[in-house]
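Trainee: Could you take me through one part of this model in detail? I would like to look closely at the sheet and at what packs against it.

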Amino acid sequence: MKIAPVEQLFTLFNETALVLQEELSCTYLEALAETGENLFHGSILQDEVSELTEKRLKRQFAEVNLGNFTKEEVRKAFQLVILKGMKENVQPNHQMTPDSVGMLISYLVDKFMQQPSFRLLDPAIGTGNLVTTVLNQLQKTVQSIGVEIDDLLLKLAYVNANLQEHPIEFFNQDSLEPLFIDPVDAVIADLPVGYYPNDVRALDYQLKAAEGHSYAHHLFIEQSVRHTKPGGYLFFIIPNGLFESDQSGQLREFFKEEVIIQGVLQLPISMFKNKNAAKSILILQKKGEGISAPKQALLVNLPNLTNALEMDTILKKIELWFQEKKR
């Protein structure tokens, strides 16, 4: 019986990571980053590995030719092993964006970004799953930049990008510190929701709280807008209560001054454990010369994303909105 490509790669990543985890006395996710590096370079890079283990790993790697897999197969397999590792070592901020949402963002980026090549920033890149989902769907030349404060997540994102042959420029830093990057044409981000602990740093932002901690997701929006060219688009996964919080008044003012709301797509409540955790996709355009608001923003309540018939109806509605927008 033929093994499915994603399953074949998952088994390779998982088995070789387990071997390295034991050999290097590290966590599963650290071992996964190491095994991904080995596969990419075609050799065992860790000096601590015994001769016997090295032979065993080389034999396993020799059985798989990465060139026989699509980028999406590599991404999905790597995503599954990361999810396995995250379940074993739960960290609340390391939630991966669901594939169906990643596909939807890819579709929206493709529709809004009409130019054949552009610069893209993900200021909360995590393991790189969202950005590589988008890159795998676009038939365009995209120069990508990712920022991540967590060393391990960034290492996984770097390995992930290499295995899929995506040239992404990575920055290992707090995204809310000054970013030394040229302005981009588009931003995508699954916004980290919660309070930002660095009150001194937050003083640099218009969206800082009047007292106490500021909301990290508000500051991420402001930082992203700062680094977007006039007329550029921003695609954020936001909590549904974004405009209902105690600091939402400032946010509304900021939006009025800086951006145009192009659309809000509410994700189905059924995707989330409870309705308080529900999210939407917010599409913004940075104001600039000759940039005008659409007659009506694209407002959509998405059905269950696995319901092909209802999704088809919604996509037709979205297509119609784009045709109206062009007039």
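Mentor: Happy to! A word on terms before we start: two strands pair if DSSP finds at least two bridges between them. Please also keep in mind that this is a predicted model.

With that in hand, let's walk along the sheet. It is an open sheet of eight strands with mixed pairing, in the order β3-β2-β1-β4-β7-β9-β8-β10. The edges are taken by β3 (168-172) and β10 (298-301); each has a single partner strand, so one side of each is left without a neighbour in the sheet. On average, and ignoring direction, neighbouring strands of this sheet are turned by 15° against each other. As background, strands of a sheet pair through backbone hydrogen bonds, either parallel or antiparallel.

Let's begin at the β10 edge. Strand β8 (residues 259-266) pairs with β10 in the parallel sense, over four bridges. If you want a residue pair to find on screen, take Val264, whose bridge partner in β10 is Leu299. On to the pairing of β8 with β9, which is antiparallel and has seven bridges. Here you can pick out Gln266, whose bridge partner in β9 is Ser280. β9 is also joined to β7 by seven bridges, and these two strands run antiparallel. In that pairing, Ile281 of β9 stands opposite Ile237.

How covered is β9? Seven of its eight residues are buried, so β9 is largely enclosed by the rest of the structure. Buried here means under 20% relative accessible area.

For the other part of the sheet, try Ser144 as a landmark. This residue lies in strand β2 (residues 141-148). Is Ser144 buried or exposed? Its relative accessibility is 2%, so Ser144 counts as buried. Neighbours within four places in sequence aside, Ser144 is in contact with Leu120, Leu135, Pro167, Ile168 and Glu169. Some of these names fit into elements we meet elsewhere: Leu135 is one of the buried residues of α6.

Now for the helices on the sheet. Helix α5 lies across five strands, namely β1 (117-122), β4 (184-190), β7 (228-239), β8 and β9 (279-286), and runs at about 160° to β7. Helix α6 packs on the sheet too, touching β1, β2, β3 and β4, and its direction makes about 130° with that of β4.

α6 is mostly covered, with eight of its nine residues buried. The buried residues of α6 are Asn129, Leu130, Val131, Thr132, Thr133, Val134, Leu135 and Asn136.

These two helices also meet each other. The axes of helix α5 (residues 99-112) and helix α6 (residues 129-137) come within 8 Å and cross at roughly 50°. That angle makes α5 oblique to α6. The crossing of the two is right-handed. On the α5 side, the contact is made by Asp99, Gly102, Met103, Ile105, Ser106 and Val109, and on the α6 side by Asn129, Leu130, Thr133, Val134 and Gln137. Sorted by class, the contact of α5 with α6 has five nonpolar, five polar and one charged residues. When you look at those lists, a general point helps: an α-helix has 3.6 residues a turn, so residues three or four places apart point the same way.

Before you leave the sheet, have a look at the loop that leads to its β3 edge. Glu165 sits in the loop between α7 (151-163) and β3. The phi of Glu165 is near 60°, a positive value in a residue other than glycine. For context, most residues other than glycine have a negative phi. Glu165 has 61% relative accessibility and therefore counts as exposed.

A second positive phi is found at Ser25, with a value near 50°. Ser25 belongs to the loop between α1 (5-24) and α2 (28-41). With a relative accessible area of 66%, Ser25 is exposed as well.

To pull the picture together: α5 lies across β1, β4, β7, β8 and β9, while α6 touches β1, β2, β3 and β4. The two helices contact each other in a right-handed crossing, and β3 and β10 stand at the edges of the sheet. If you colour the strands in the order β3-β2-β1-β4-β7-β9-β8-β10, you can follow the whole tour on your screen.

Methods: Residues numbered from 1 in each chain as written. Predicted model: local features only at pLDDT ≥ 70, side-chain atom pairs only at ≥ 80, totals over all residues. Heavy atoms only, no water. Buried < 20%, exposed > 50% of the residue type's maximum accessible area, 1.4 Å probe, protein only. Contact = heavy atoms within 4.5 Å. Axes fitted to C-alpha atoms, helices over the stretch in contact; angles between N-to-C directions. Parallel < 35°, antiparallel > 145°, perpendicular 65-115°, else oblique. Left-handed = near helix turned anticlockwise from the far one by under 90°. Nonpolar A, V, L, I, M, F, W, Y, C, P; charged D, E, K, R; others polar.
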